[in-house]
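Could you walk me through this structure as if I had never seen it before? Plain words are fine.

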Amino acid sequence: MVQVLELRAALLSAIRHFFADRDFIEVETPAIVPSPGLDVHLSAFEVRDPRGERVGWLATSPEYQMKRLLSAGAQRIFQVCRSYRGEERGRHHEREFTMLEWYRADATSDALIGDTEELVAFVADSLDQPAPEVQPPWQRMTVDEALQFHAHLTLASLLDDEERFFRVWAEEVQPRLGNERPIVVTDWPASMASLAKLKPNGMADRFEAFFRGVELCNGFGELTDATEQRRRFERDQAERQAGGLPVYPIDERFLADLGRGMPESGGNALGVDRLLMLLLGAASIQAVMPFPEEQL
Amino acid sequence: MADTSDIKKGFKMLLDGVPFAVVDHQFVKPGKGQAFIRTRIKNMMTGAVIDRTFKSGEKLDKADTEERTMQYLYPEGDTRVFMDTKSYEQMALTNEQLGENVHYLLDGTEVDVMLFEGRPIGVTPPTFVELLVTETEPGFKGDTSSNTTKPATLETGLQVNVPLFVNTGDRLKVDTRTSSYVERVKG
């Protein structure tokens, strides 16, 4: 246990060192937020005050508030914080976990992919975990290529059935991604763009890195069009309503700040527990956490 | 009605009328996507192990199974007869249902019998049983350390590899999970 504590501390220290060297400032944003994110497959913990009145939700990621900081003029920011997901429990999931999120103003998603590659290599070195396989550059593949390579299916053939897409992805594709070296998967379908802008080819400017079949991070070339973002939020709300899921409110201040001139930006969210697990070759994220939920 | 949040090792569910037991399970959620539970499940009737992926939240039928402690009584045709040690109720399992476990049954051996909808479908023998050697090549005195082994036939027909010092008439402790020799029992 003490060894895990030391390695976690070294990891956090290496992350801070890495970003300080690149002129990022560390920021803190609230854990209790007025909207926890509207993605249909996310569920959040509601927070009530002592009188039973709703205060908000625990953040599923610090995304909205960090982007508001970009609109306020911040150029390069990062945050290491706890994030909360209501129903995610498993070897690679805890309902309370540690997220690293960072943003660059006036940058593309390519710059963020570069940060990710360098960060992981730097952290592996700092932990004294020799990992030649994580040295940049990482392999890249589009979602369509990954589907064709691992499942012999085209993205086009799965586009009208999202559940089938995710089933094929979970069963056939993801377990085989990044088995030798980390891989970056780009060009997600526009319907899964979430808070990413669209590329000229019509695909979402979104990337995910995978290592040994584990999703390590999810990044965007950020959508800065408030009208389009509202349209997506409303679509997600309608889908939540139709599916009998709680319908979280739209964060109006976030949308207002987006419209007030958020710069073209790139952002990425990376699972810190998963990174430590992968670098140490541990079997689960619980093995690298001092208090996973089941041991509390 | 159960759902996927009830899935854990040993959870028993009904799929197309057949009971399956969960051997392994993993929560997976492709980024921003639908969550699934990938499982490895064992057909409790045939022992076959398959992979199956469930949508998170999917409803599941619990299999109506129970395990009862029973005592082995005697063979009868192609079957073996057992008796519930509490209710004295007698039940028969076919040799096919018993498979390898047939070799661990001696008069009076207590086993756990798995019942599905009230009918016996399989047994779990004790982890260790003691069986008599009925046939093996003569042993070599003094050779107690060598890694070399030889085949031996035990009183139930089970064949195991044993160290060279084991003789016909010896009593052996056998691990039923691996069908392997553990040690010679004194006396």
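Here is a tour that begins with chain A, visits its interior, and then turns to chain B.

One thing to keep in mind from the start: this is a predicted model. Chain A is a good place to get your bearings, with eight helices and 11 strands. Its radius of gyration is 19 Å, close to the 19 Å that the globule rule gives for 296 residues, so chain A is as compact as a globular protein of that length. If you lay the C-alpha trace of chain A along its principal axes, it spans about 50 × 45 × 40 Å. Buried residues account for 44% of the 296 residues in the chain. The contacts tell a story about how the chain comes back to itself: taking those in chain A with a separation of 6 or more, 68% are between residues 24 or more positions apart.

Now let's go inside. The largest nonpolar core has 85 residues, and the ones with the most contacts inside it are A:V123, A:V185, A:L216 and A:L275. As a general point, nonpolar side chains in soluble globular proteins tend to be buried together. Pick out A:L275 and look at what surrounds it: leaving aside residues up to four places away in sequence, A:L275 touches A:V120, A:V123, A:L216 and A:L270. Two of the names from the core's list, A:V123 and A:L216, turn up here again.

A:L275 also belongs to a helix worth a look, α8(A), where it is among the buried residues. This helix covers residues 272-280, and eight of its nine residues are buried, so α8(A) is largely enclosed by the rest of the structure. The buried set includes A:V272, A:L276 and A:L279, and also the charged-looking pair of neighbors A:D273 and A:R274. Right after the helix comes A:G281, with a positive phi near 70°.Helix α2 of chain A, residues 63-71, can be read in a similar way. Seven of its nine residues are buried, so α2(A) is largely enclosed by the rest of the structure. Those buried residues are A:E63, A:Y64, A:Q65, A:M66, A:K67, A:L69 and A:L70. What do the buried residues of α2(A) pack against? They pack against β2 (32-33), β5 (76-84), β6 (96-105), α7 (252-259) and β11 of chain A. Just after the helix, A:G73 takes a positive phi of about 115°.

Strand β11 of chain A deserves a stop of its own. The strand runs over residues 265-271, and A:S265 is found in it. Is A:S265 buried or exposed? With 27 other C-beta atoms within 10 Å, A:S265 is buried, because 20 or more such atoms is the cut-off for calling a residue buried. Setting aside residues up to four places away in sequence, A:S265 touches A:L70, A:Y103, A:R104, A:A105, A:A107 and A:E222. One of those partners, A:L70, is a buried residue of α2(A). You can also use A:S265 as a yardstick: its C-alpha atom and that of A:F24 are separated by 14 Å, although the two residues are 241 apart along the chain.

Next, see where the two chains meet. Here 19 residues of chain A are in contact with 13 residues of chain B. On the chain A side, α5 (162-173) and β10 (214-221) each supply at least two residues. The largest share, six residues, comes from α5(A). By type, the chain A side divides into four nonpolar, six polar and nine charged residues.

Cross over to chain B and follow its strands. Strand β7 (residues 65-76) and strand β10 (residues 110-116) run antiparallel and are joined by seven bridges. To find this pairing on the model, look for B:T69, which stands opposite B:D112 in β10(B). On from there, five bridges join β10(B) to strand β11 (residues 119-124) of chain B, again antiparallel. Here B:L115 has B:P120 of β11(B) as its bridge partner. The hairpin of β10(B) and β11(B) has two residues between the strands, and B:E117 takes a positive phi near 50° in it.

Chain B also holds an open sheet of five strands in the order β14-β13-β12-β15-β16, with antiparallel pairing. Which strands of this sheet are at the edge? They are β14 (159-163) and β16 (180-185), each pairing on one side only. From one strand to the next, the twist averages 50°. Within the sheet, β13 (residues 149-154) and β14(B) pair over five bridges in the antiparallel sense, and B:K150 stands opposite B:V162 in β14(B).

That last residue brings us back to the theme of cores. B:V162 is part of a second, separate core of 22 residues, which also includes B:L98, B:M114 and B:V174.

Conventions
Residues numbered from 1 in each chain as written. Chains lettered and ligands numbered in written order. Predicted model: local features only at pLDDT ≥ 70, side-chain atom pairs only at ≥ 80, totals over all residues. Helix = DSSP H or I, 4+ residues; strand = E, 2+ residues; numbered from the N terminus. Buried ≥ 20, exposed ≤ 12 C-beta atoms within 10 Å, placed from the backbone. Contact = placed C-beta atoms within 7 Å. Nonpolar A, V, L, I, M, F, W, Y, C, P; charged D, E, K, R; others polar. Rg over C-alpha atoms; globule rule 2.2 N^0.38 Å. Pairing = 2+ DSSP bridges. Axes fitted to C-alpha atoms, helices over the stretch in contact; angles between N-to-C directions. Core = buried A, V, L, I, M, F, W, Y, C linked by C-beta atoms within 7 Å.
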